[in-house]
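Colleague: I am new to this model and would like a close look at one small part of it, with the surroundings of that part explained as you go. Could you choose the part and take me through it slowly?

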Amino acid sequence: MSDLLERLRGRGWRMTAQRRVVAEVLDGDHVHLTADEVHARAVERLPEISRATVYNTLGELVTLGEVLEVSTDRRAKRYDPNAHRPHHHLVCARCGAIRDVHPTGDPLADLPTTERFGFTISDVEVTYRGVCPNCSSA
């Protein structure tokens, strides 16, 4: 059973066939699919699943804090099941591929007090941009 499915079962989330398929599609490392990509993969497993059901399920998963909604550029939002381990993202500027990265150090500590302008900071999102190996060899 996937990590996401285990977490959802642990929360007592009602596991319909549609919800299970969406959770299975999202399972894995470096998964950052758009809602349309989730729907396309879900249809392969459960042909009758509707786009609305996929969107609603993704919304529920985000609300539960089990999936992150990632917006790294002006493209479609992506959904990241790696919601319980702090991480940043590495994004290809050409194809949009996204990888989770776990650099050492504390990015919050890197922001000097004089640059916080009195804010009480609760979260940090870092996006590294570059060109992936596939795009650089093309």
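Modeller: I will begin with the whole chain, move to a small sheet and one of its residues, and finish with a helix and a pocket.

The model is predicted, so local features are described where pLDDT is at least 70 and side-chain atom pairs only at pLDDT 80 or more, whereas totals for chains, interfaces and linings use all residues. Residues are numbered from 1 along each chain as its sequence is written, and side-chain values use heavy atoms, with hydrogens and water left out.

The chain has five helices and six strands (DSSP runs numbered from the N terminus, helices being H or I of at least four residues and strands E of at least two). Read from the N terminus, these elements follow the order α-α-β-α-α-β-β-β-β-β-α. Along the principal axes, the C-alpha atoms of the chain fill a box of roughly 55 × 45 × 25 Å, and 33% of the 138 residues count as buried (under 20% relative accessible area with a 1.4 Å probe, protein chains only, where exposed is over 50% and partly exposed lies in between).

The part I have chosen is an open sheet of three strands, in the order β1-β3-β2 and with antiparallel pairing (strands pair if DSSP finds at least two bridges between them). Because β1 (33-34) and β2 (68-70) stand at the edges with a single partner strand each, one side of each is left without a neighbour in the sheet. The antiparallel strands β2 and β3 are joined by three bridges, and in one of the pairings V70 has R78 of β3 as its bridge partner.

R78 itself deserves a pause: this residue is found in β3, which covers residues 78-80, and its relative accessibility is 15%, so R78 counts as buried. The side chain of R78 is joined to that of E37 by a polar contact of 3.4 Å (a pair of N or O atoms within 3.5 Å, where within protein one must be able to donate a hydrogen and the other to accept it, and residues adjacent in sequence count only if both atoms are side-chain atoms). Leaving aside residues up to four places away in sequence, R78 touches H32, L33, T34, E37, L68, E69, V70, G96 and I98 (a contact being heavy atoms within 4.5 Å).

The strands β1 and β3 also meet α2 (17-26), since they are included in what covers the buried residues of that helix, along with α1, α3 (35-45) and α4 (51-64). Those buried residues of α2 are R19, V21, V22, A23, V25 and L26. In the loop between α1 (3-10) and α2 lies T16, whose side chain has a polar atom 3.1 Å from the backbone nitrogen of R19. Just after α2, G28 takes a positive phi of about 130°.

The edge strand β2 also takes part in the largest pocket, giving three residues, the most, to its lining. β2, β4 (88-92) and β6 (127-130) each supply at least two residues of that lining, which counts 26 residues, with H87, H88, D123, V124 and E125 nearest the centre of the pocket (on a 1 Å grid over the protein atoms alone, an open set of points where a 1.4 Å probe fits, with protein on both sides within 12 Å along at least five of seven lines; lining residues have an atom within 4 Å of a point).
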